[in-house]
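Q: I'd like a close look at one helix and the things packed around it. Could you take me through it slowly, explaining the terms as you go?

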Amino acid sequence: MSNALIADRKPQAPRHAVARARQRVAVTATFISHGLLFASWTAHIPQLKLALGLSNSALGLVLLATPVGAVGSMLIARRLLPTLGSRALIRICLLGYCAAGPLVGLASTPLLLAVTLFAWGAFQGSLDVAMNTQAVAVERSQSRHLMPSFHGAWSVGSFAGAGVGALAVAAHVSLTSQLLVLALPVFAAAAIFNHSLITQQDERDTPDSPRSATRGRSPLTRATVVLGATVFASMLCEGATADWSAVYLRGPVHADPATAGLGYAAFALVMAAVRLSGGHLLVRLPTNRLLPILAALATAAMAIALAADTQLTALIGFAFLGAGLALVVPTVFSAAGSLPGLAPGVAIATVSAYGWAGFVCGPPLIGTLAGISGLRAALTVIPTLTLIITLVTARVGVIHTSGQSRHATVAA
């Protein structure tokens, strides 16, 4: 009987390892898809600005629609997650994300552009919450530093999307046509990998995430506020880079349209590299040393880039900014998913809402300041915030104590 039991158990380990690998691949594909669609439109912003005759401040107000839709949908996703589970919500949101994107390129007035961006942003935000909730479930079930690599996959998709967008602009391909073509691989990935994601029941049964974890308790705790404020600053910088890097390079720096699209591409490429190596970095350096070092480098590089007047320094500055912000969001989301007494989906939705609020504040803030003092002066908001991130990540314990000790190994 003992030999029979051993014989029965031998095949289980390989099958279990394959299942775990499929989970990681499925989450990775979802993050890549989100980043690919999100970044592919950034190179088209200057063309839309010119086509609709928008000033810097007007463009900032129109771009506000995307994060407003995202934040609103996150509050809805927070309520849907306990019922649907993150796997089902990912499937729904990917479908809506692919369908809403092409409508942005068809907008013929500023109002229609704002409406379509609102709808697109709603699917962006709810997908963001769903995929990060799934990522936390996979990370905790496998007890590994996986969140940086998942966000690294998003950055890879983002870099690819920025490159596709720059090539499309150079080839005079419309935003609508581009997004319709990109929807094909996203649909294919969803069809192939979605069934490998963790189910709703397994998601609920992960350690420290009981079904009643948030019953009767407000998600607005001191910890979620601190984590949310940190993500707010980081994502405001990310949003400013996505929305204004091409405009800055095209305008004050006088770059050609194709080069203007490379600002966000440089940002995304370096961010991807740092995130993909984030598991190893977090094992070798404590978070309260690693994050401040990276943020300090970003602060110095962006300050120099904005003070100079060349395309090269601008591209280098955006590249260092990608390194400085790379691990902030995945580290904070991982910490939020491990907060005691809060279900991961609820905590992540709450912290994500803070982050996307940074996107809400970013476009009008940069646009308004640009209308007053010029775009270069307005973008000094970025090194100011990275300096604050440097100080906060060095001193605030919840960022580097919540959940970090759970993951003792490095993601493969």
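A: Let's begin with a word you'll need: a residue is buried if its relative accessible area is under 20%, exposed if over 50%, and partly exposed in between, using a 1.4 Å probe and protein chains only. Keep in mind that this is a predicted model, where local features need pLDDT of at least 70 and side-chain atom pairs pLDDT 80 or more, while totals for chains, interfaces and linings use all residues. Residues are numbered from 1 along each chain as its sequence is written, and side-chain values use heavy atoms, without hydrogens or water.

Now try that word on Thr241. With 0% relative accessibility, Thr241 counts as buried. Thr241 sits in helix α11; helices here are DSSP runs of H or I with at least four residues, strands are E runs of at least two, and both are numbered from the N terminus. A contact means heavy atoms within 4.5 Å. If you skip the neighbours within four places in sequence, Thr241 touches Tyr264, Phe267, Phe318, Leu321 and Ile382.

Two of those partners, Phe318 and Leu321, take us to α16, since they are among its buried residues. Helix α16 covers residues 311-325, and its 15 residues should span 21 Å at 1.5 Å a residue; the end C-alpha atoms are 21 Å apart, which agrees. The expected span, by the way, is 1.5 Å times one less than the number of residues. What else is buried in α16? You'll find Ala314, Gly317, Ala319, Gly322, Ala323, Gly324 and Leu325 there too. The buried residues of α16 pack against α11 (222-250), α13 (262-276), α15 (287-307), α17 (328-336) and α20 (381-395).

Take α13 next. Its axis and that of α16 are 7 Å apart, and the two helices pack at an angle of about 35°. Axes are lines fitted to C-alpha atoms, for helices over the stretch in contact, and angles run from 0 to 180 degrees between N-to-C directions. The α13/α16 crossing is right-handed: the near helix is turned clockwise from the far one by less than a right angle, whereas anticlockwise would be left-handed. On the α13 side you can look for Leu262, Gly263, Ala266, Phe267, Val270, Met271, Val274 and Arg275. They meet Leu315, Phe318, Ala319, Leu321, Gly322, Ala323 and Leu325 of α16.

Two other neighbours of α16, namely α11 and α20, also pack against each other, at about 150° with their axes 9 Å apart. They are therefore roughly antiparallel, a label for angles over 145 degrees (under 35 is roughly parallel, 65 to 115 roughly perpendicular, the rest oblique). This crossing of α11 and α20 is left-handed. From α11, the contact uses Thr230, Ala233, Ser234, Leu236, Cys237, Ala240 and our old friend Thr241. From α20 come Val381, Ile382, Leu385, Thr386, Ile389, Val392 and Thr393.

Finally, zoom out. The chain has 21 helices and 2 strands, and 56% of its 412 residues are buried. Among contacts between residues at least 6 apart in sequence, 86% join residues at least 24 apart. For a contrast with Thr241, find Gly371 in helix α18 (residues 344-373). Gly371 is exposed, at 59% relative accessible area. Its C-alpha atom is 6.5 Å from that of Asn56, although 315 residues separate the two along the chain.
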